[in-house]
Amino acid sequence: MNAGSPKSQVDTSRPHPARVYDWLLGGKDNYPVDRAVGEQLPELGKRSARQNRAFMHRASAWLAHQGVDQFLDIGTGIPTAPNLHQIVQEINPKARVVYTDNDPIVLRHAEALLVSTVEGGTDYIQADVREPLAILDHARGHLDFDRPVAVSLIALMHFIPDSDGPYEITRTLLETLAPGSYLVLSHGTFDFHKELEAQITGTYGKGGIELSFRTRDAVARFFDGLDLVEPGLVTGPEWYKDTAAPEPEENAVYAGVARLR
């Protein structure tokens with residue numbers, strides 16, 4: 001863990017996506033600047049946050065049932081039980097999980113993330129997704145890249161503008177992984193609620209957070225060259241496998257899981 005990193009200082013003067021997300025989920029580990037952003041968002045923001053979390057739960061459980069026992073979760077956010085390792089280790093106690101986030105407050109909660117089963121393992125690195133090589137170098141110390149790894153990018157890449165190369169970042173994360181690895185991704189969109197684009201983008205923008213919600217075609221590019229598993233790239237509530245279908249809800253999220261060839 002990078003506990004000694006100078007990045008470990010929490011900046012409470014500016015909102016952070018992980019803390020806004022925590023507030024949207026009903027968490028308490030946020031500051032007035034984060035709550036100010038969340039309170040200005042439409043109810044759809046809270047609903048989409050819950051949908052994101054529920055999608056992560058369903059996709060992670062399905063992967064664990066398929067025999068995947070290694071997970072690299074980038075943009076982890078503040079721990080909210082059940083966390084990814086709790087989901088997958090209940091299915092396979094030997095599962096190993098590496099968490100990554102760039103918000104120092106997540107580092108302060110890393111002890112909760114690091115409570116693993118005896119048979120498995122968890123680890124945490126404070127890093128930005130824009131530093132994919134640093135993330136991979138750390139993860140190699142805890143995961144076996146000669147075997148399949150599931151990489152999770154949940155509600156993360158819509159905070160990476162095109163100028164920062166979101167597709168190239170994703171390819172870098174995946175290109176060193178073994179065949180049979182997976183990409184799990186959810187991403188915000190205004191395809192269903194164009195009328196809310198100015199409000200949501202403006203609210204985040206006033207807090208200094210650049211938002212890049214994308215169309216379905218643009219989100220689909222993250223899966224280029226991969227094999228999407230059924231039901232394909234769909235809205236968050238529409239992605240489910242071996243569980244009962246979630247209740248239909250308005251949403252602003254695309255979700256998909258794809259396998260590396």
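## A buried pair: Phe159 and Tyr204

Phe159 and Tyr204 are both buried in this structure, which is a predicted model. Their ring centres lie 5.9 Å apart with the planes at 65°, so the pair is classed as edge-to-face. The contact links distant parts of the chain, since Phe159 belongs to the loop between β4 (150–154) and α8 (166–175), whereas Tyr204 belongs to helix α9 (residues 197–206), and the two are 45 residues apart.

## Aromatic pairs across the structure

A search of the whole structure finds seven aromatic pairs. One of them joins Phe55 and Trp239 in an edge-to-face arrangement, with 5.6 Å from centre to centre and 80° between the planes. Because Phe55 sits in helix α3 (residues 43–65) while Trp239 sits in the loop between β7 (234–235) and β8 (253–259), this pair ties together parts that are 184 residues apart in sequence.

Each partner of this pair can also be described by its accessibility: Phe55, at 1% relative accessibility, counts as buried, and Trp239 is buried with a relative accessible area of 0%.

## The aromatic cluster

Phe55 and Trp239 also belong, together with Trp62 and Tyr182, to one aromatic cluster. Within that cluster, the edge-to-face geometry of Phe55 and Trp239 has already been described.

## A charge over a ring

A further contact involves an aromatic ring and a charged side chain: the charged end of Arg221 sits over the ring of Tyr167, at 3.8 Å from the centre of that ring.

Technical notes. Residues are numbered from 1 along each chain as its sequence is written. This is a predicted model: local features need pLDDT of at least 70, side-chain atom pairs count only at pLDDT 80 or more; totals for chains, interfaces and linings use all residues. Side-chain values use heavy atoms; hydrogens and water are left out. Rings of Phe, Tyr and Trp (its six-membered ring) pair if their centres lie within 6.5 Å; planes under 30 degrees apart count as stacked, over 60 as edge-to-face and the rest as tilted. Helices (H or I, at least four residues) and strands (E, at least two) are DSSP runs, numbered from the N terminus. Buried means under 20% relative accessible area, exposed over 50%, partly exposed in between (1.4 Å probe, protein chains only). A charge sits over a ring if NZ of Lys or CZ of Arg is within 6 Å of the ring centre and within 35 degrees of the ring normal.
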